[in-house]
Amino acid sequence: MSVINSKGAINSSQNRTIVLYLLTGSLFILLMMVFGVLMLLAQGKMINIDPGLFYEVLTVHGTGMVGASALAAAAVMWYFLSKYVQLSKSIFIANFLFFIVGVILVLIGIFVFGFAGGWTFLYPLPAISAGGWAVEGAVLYLFGMLLIGVGFLLLYLDVARAIIKQYGSLGGGLGWSIVFGKEKGYGPPAAVVASTMVSIVNITALLAGATVLVMSLINIFIPTITIDPLLAKNLTYAFGHIFANSIIYMGVIAVYEILSKYTNRPWKANRPFLIAWNCSTLFTIIIYPHHLLMDFAMPKWMIILGQALSYANGLPVLVVTAYGALMIVYRSGIKWDIASSFIFLSMFGWVLGVVPAIVDATIVINHVMHNTKWVPGHFHMYMGLGATAMLFGFMYYLAKESGKEKETALDGISFWVYVMFFLGLCGSFLFSGKVSAPRRWAEHFPEWIQYDRMGAVFGIFVILAVTTFVVRFWNYSRSLGSRFEEKIGPSHRA
């Protein structure tokens, strides 16, 4: 097993693997943004896209954006967690390979065989499409998703193993001795606490997702073997909600580590901090029913629990992190650059994105707003200004740490273009939801088109800004390769 060295430093080989994760993730994120703008242009009647193709693009956009962001966020977690525990590089690479093979199968299933069931792949839709797609498309999509899930499951199991080895148990990683008053002082480093939480919730999520994926595949080949559709929907949304939310919980490790370094102030895991992370560990697993508030067949107690805990879950980690970020920066004399600006922006995006999410989790509002563009409005804000801002900040941080990449005026302009136009994009979604524009529809009524067109314009400028970020990181990755070539010398290359 290949592991980090005894001092917890990332060596050059591991650094190249992290860069590969981030470069692949950011390229996919950029491509998914292009697909998103194409859908807005189609809804706004600015281009013509066949409805069948529209739903294929919709499927790959939702699936790909979450998958690519999770891949990049896993690199953030692995990079910083490696300072404290011994992780397996072999499993880290295996996850990447599973991801690439899975993505290829998913893309073939969607664009060659026409699968367009959305990221939710709700049972029994993959097997019964009324001629919407070939059964081969459903099989390839489901199996590709399963492979991606297996890779991530191996990664999180390894994270859990390493934390248990270093801290005695997952409870040790969450600082239970401090939480329950058995010890005083501070718990494990913030990166360890967050990684422990993520490993617990994502192992749970991925097992739920694997269950429904395997059952769906079995049902395609043996139709007499079925699963209860409501159970399948619960498993699907438990997987999807937890896995998507874990992206920001992995990305926030960059906030803890980078702001601490920039301000020269350690981010200490005190008791309130640990209690917040323990609460979110529990809440994140059990709040997914807020996605099922419109399902009348759901047990009422689950609906009530989902709504109540949705309010509670949005606060503990967010409050201690946002407050901590303000306090660690206050009068610190921090020198702002693109990396630290993105990291600080992510706190604003996280806070702002939670507000419409909590509104939507209210049952009486959810019944009216949940199937409108209000939901992508909150999710894009949460992801685009929260999670992906953390990822872009980390990418600029790595490039700066190399000492070879210098920021330019274009970086600063692109940062502010990204912020302002992404806010505009999210605003166009929220206003669309306000006027009841439905999500997941290829065709829109004239009353909704103006918001689609506004969103498309905002989205184009966001793509231009993100292209700058990706190109800059691409240049950094090439410089890594050049330095490696210089290091091994001509005799070794021969």
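**Exercise 1. The loop between helix 3 and helix 4**

Find where alanine 130 lies, and decide whether alanine 130 is buried or exposed.

*Solution.* Start with the place: alanine 130 belongs to the loop between helix 3 and helix 4, where helices are DSSP runs of H or I with at least four residues, and strands are runs of E with at least two, numbered from the N terminus. This is a predicted model, in which local features need pLDDT of at least 70 and side-chain atom pairs count only at pLDDT 80 or more, while totals for chains, interfaces and linings use all residues. Residues are numbered from 1 along each chain as its sequence is written, and side-chain values use heavy atoms, with hydrogens and water left out.

Next comes the accessibility, for which buried means under 20% relative accessible area, exposed over 50%, and partly exposed in between, with a 1.4 Å probe and protein chains only. Alanine 130 has a relative accessible area of 83%, and therefore counts as exposed. Its backbone deserves a look as well, since phi of alanine 130 is near 55 degrees, a positive value in a residue other than glycine. Proline 124 is also found in the loop between helix 3 (89-111) and helix 4 (135-167), and the peptide bond that leads from tyrosine 123 to proline 124 is cis, with omega near 0 degrees.

**Exercise 2. The loop between helix 11 and helix 12**

Describe the place, the phi value and the accessibility of arginine 331.

*Solution.* Arginine 331 sits in the loop between helix 11 (316-329) and helix 12 (338-360). The phi of arginine 331 is near 55 degrees, which is a positive value in a residue other than glycine. With a relative accessible area of 69%, arginine 331 is exposed. Glycine 333 has its place in the loop between helix 11 and helix 12 too, and at 64% relative accessibility glycine 333 counts as exposed. As a last step, consider distance: glycine 333 and glycine 433 are 100 residues apart along the chain, and their C-alpha atoms are separated by 42 Å.

**Exercise 3. The span of helix 7**

Compare the expected span of helix 7 with the distance between its end C-alpha atoms.

*Solution.* The expected span of a helix is 1.5 Å times one less than its number of residues. Helix 7 (residues 190-221) has 32 residues and should therefore span 46 Å, and its end C-alpha atoms are indeed 46 Å apart, which agrees. Because 23 of these 32 residues are buried, helix 7 is largely enclosed by the rest of the structure.

**Exercise 4. Two helix pairs**

Classify the packing of helix 2 against helix 7, and then that of helix 8 against helix 9.

*Solution.* Axes are lines fitted to C-alpha atoms, for helices over the stretch in contact, and the angles run from 0 to 180 degrees between N-to-C directions. Angles under 35 degrees count as roughly parallel, over 145 as roughly antiparallel, 65 to 115 as roughly perpendicular, and the rest as oblique.

Helix 2 (residues 51-81) packs with helix 7 at an angle of about 135 degrees, their axes being 10 Å apart. That angle makes helix 2 oblique to helix 7. Contact, meaning heavy atoms within 4.5 Å, is made by Met77, Phe80 and Leu81 of helix 2 and by Ala191, Val192, Ser195 and Val198 of helix 7.

For the second pair, helix 8 (residues 229-263) and helix 9 pack at about 160 degrees, with their axes 10 Å apart. Helix 8 and helix 9 are therefore roughly antiparallel to each other. Among the residues that make this contact are His241 and Tyr249 of helix 8 and Trp277 and Thr284 of helix 9.

**Exercise 5. Three residues and their contacts**

Which residues does valine 76 touch, not counting residues up to four places away in sequence? Treat isoleucine 287 and asparagine 366 in the same manner.

*Solution.* Valine 76 lies in helix 2 and, at 0% relative accessibility, counts as buried. Beyond four places in sequence, valine 76 touches Met250, Gly251, Ala254, Leu391 and Phe394.

Isoleucine 287 has its place in the loop between helix 9 (271-286) and helix 10 (300-313), and is buried, with a relative accessible area of 2%. With residues up to four places away left out, isoleucine 287 touches His241, Gly306, Leu309, Ser310 and Asn313. The C-alpha atoms of isoleucine 287 and leucine 309 are separated by 5.9 Å, although the two residues are 22 residues apart along the chain.

Asparagine 366, found in helix 13 (residues 363-369), counts as buried at 0% relative accessibility. Leaving aside neighbours within four places, asparagine 366 is in contact with His290, Leu293, Met294 and Asp360.
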